[in-house]
Amino acid sequence: MIAIILSLFLITPEIEESHTDTIIDNSSKSEYLEVDNKRIPWEIKDAVIEALAYFPELAGVAIDFEFKEKISGSVMQAQPRILTMFIKGKEKREYRIKITRSFDFEEGEVLIEDVPHDALVGWIGHELGHIMDYKNRSTANMMHFGMRYMLSNKRLTEAELAADTYAISCGMGHQILMVKNYILNNVNFEDSYKNKIRELYMSPLQILSLQEELVEDES
Ligand SMILES: [Zn+2]
């Protein structure tokens, strides 16, 4: 068991970090909304609450939304809290979503809450899609998945497609499309990040066709 835990730490070092982690200490200025087992920075509470409304299955699930100064290669990142995977049952697992506090754009610093509303809601919805995916996996499956995720682009793509698919099937097609367009049409994001979005994630066209299929299924 210890070997498994250790290998998980080695392979997915991002999952749980030490307490010296640089969560921005906004305690003097930032307030949190604590509701339904969620801890949400005040600045983005409207967008988070709006996104959560699409995921009734996440009611009561513990999720901490945390501002970070920088996340390597991503703007947001959803993770299970690793200790809760072992101590508690699948139902009581806790999660966190790390969120980049601001962007250094040409025109100056842009705070995350200044991202166009629907795109921000979609961004958060994508991360909630990851949590839906994690929530439905056993701890053993999650560890396997975590390793494969780190080792293969194919698994990474699958994880991203799963997250988008969860969000779109919860009715967030419009917002998921908005965030893709926001990133791909924004000169301020680096090409390497845009290429990652193009290669690993659902394209705007795929989003539209999935959305259409879902609408057809419903009618
Ligand atoms: Zn993702």
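Here are some questions and answers about this predicted model.

Q: How many helices and strands does the chain have?
A: Let's begin with the overall make-up. The chain has 219 residues, and 31% of them count as buried. Its secondary structure comes to seven strands and eight helices.

Q: In what order do the five strands of the open sheet stand?
A: The pairing in this sheet is mixed. From one strand to the next, the twist averages 20°. Reading across the open sheet, the order is S1-S2-S3-S5-S4.

Q: Which strands stand at the edges of the sheet?
A: An edge strand can be recognised by its single partner strand, so one of its sides has no neighbour in the sheet. Two strands fit that description, and they are S1 and S4 (76-80).

Q: How many bridges join S3 to S5?
A: Strands S3 and S5 run parallel. One example of their pairing is phenylalanine 65, whose bridge partner in S5 is isoleucine 97. The number of bridges joining S3 to S5 is seven.

Q: Is the β-α-β crossover from S2 to S3 left-handed or right-handed?
A: Strand S2 (residues 38-41) pairs with S3 in the parallel sense over two bridges. Lysine 38, for instance, has isoleucine 63 in S3 as its bridge partner. Between the two strands the chain passes through H2, and this crossover is left-handed.

Q: Which helix gives the most residues to the largest nonpolar core?
A: This core holds 45 residues, and those touching the most other members are Val48, Ala51, Ile124, Leu128, Ile131 and Ala167. Several elements each supply at least two residues, among them helix H2 (45-52), strand S3 (62-68), helix H4 (117-135) and helix H6 (153-184). With 11 residues, the top contributor is H6.

Q: Which residues does leucine 128 touch, leaving out those up to four places away in sequence?
A: Leu128 belongs to the group of core residues that touch the most other members. Once residues up to four places away in sequence are left out, leucine 128 touches Ala51, Leu52, Phe55, Leu58 and Ala167.

Q: At about what angle does H4 run to S4?
A: Helix H4 (117-135) is one of the elements that supply at least two residues to the largest nonpolar core. It lies across S3, S4 and S5. Its angle to S4 is about 20°.

Q: Is aspartate 36 buried, exposed or partly exposed?
A: Aspartate 36 sits in the loop between strand S1 (32-35) and S2, and it has a positive phi of about 50° although it is not a glycine. To count as buried, a residue needs 20 or more other C-beta atoms within 10 Å, while 12 or fewer would make it exposed. Aspartate 36 has 14 such neighbours, so it is partly exposed.

Q: What is the phi of asparagine 37?
A: Asparagine 37 also lies in the loop between S1 and S2. With 13 other C-beta atoms within 10 Å, asparagine 37 is partly exposed. It is not a glycine, yet its phi is positive, at about 70°.

Q: How far apart are the end C-alpha atoms of helix H8?
A: Helix H8 (residues 204-218) is hardly covered, with one buried residue among its 15. At 1.5 Å a residue, H8 should span 21 Å. The distance between its end C-alpha atoms agrees with this: 21 Å.

Q: What share of the contacts with a separation of 6 or more joins residues 24 or more positions apart?
A: Here we count contacts in the chain with a separation of 6 or more. Among these, the share from residues 24 or more positions apart is 73%.

Definitions and conventions:
Residues numbered from 1 in each chain as written. Predicted model: local features only at pLDDT ≥ 70, side-chain atom pairs only at ≥ 80, totals over all residues. Core = buried A, V, L, I, M, F, W, Y, C linked by C-beta atoms within 7 Å. Helix = DSSP H or I, 4+ residues; strand = E, 2+ residues; numbered from the N terminus. Contact = placed C-beta atoms within 7 Å. Pairing = 2+ DSSP bridges. Right-handed = clockwise from strand over helix to strand, strands pointing away. Axes fitted to C-alpha atoms, helices over the stretch in contact; angles between N-to-C directions. Expected span 1.5 Å × (residues − 1).
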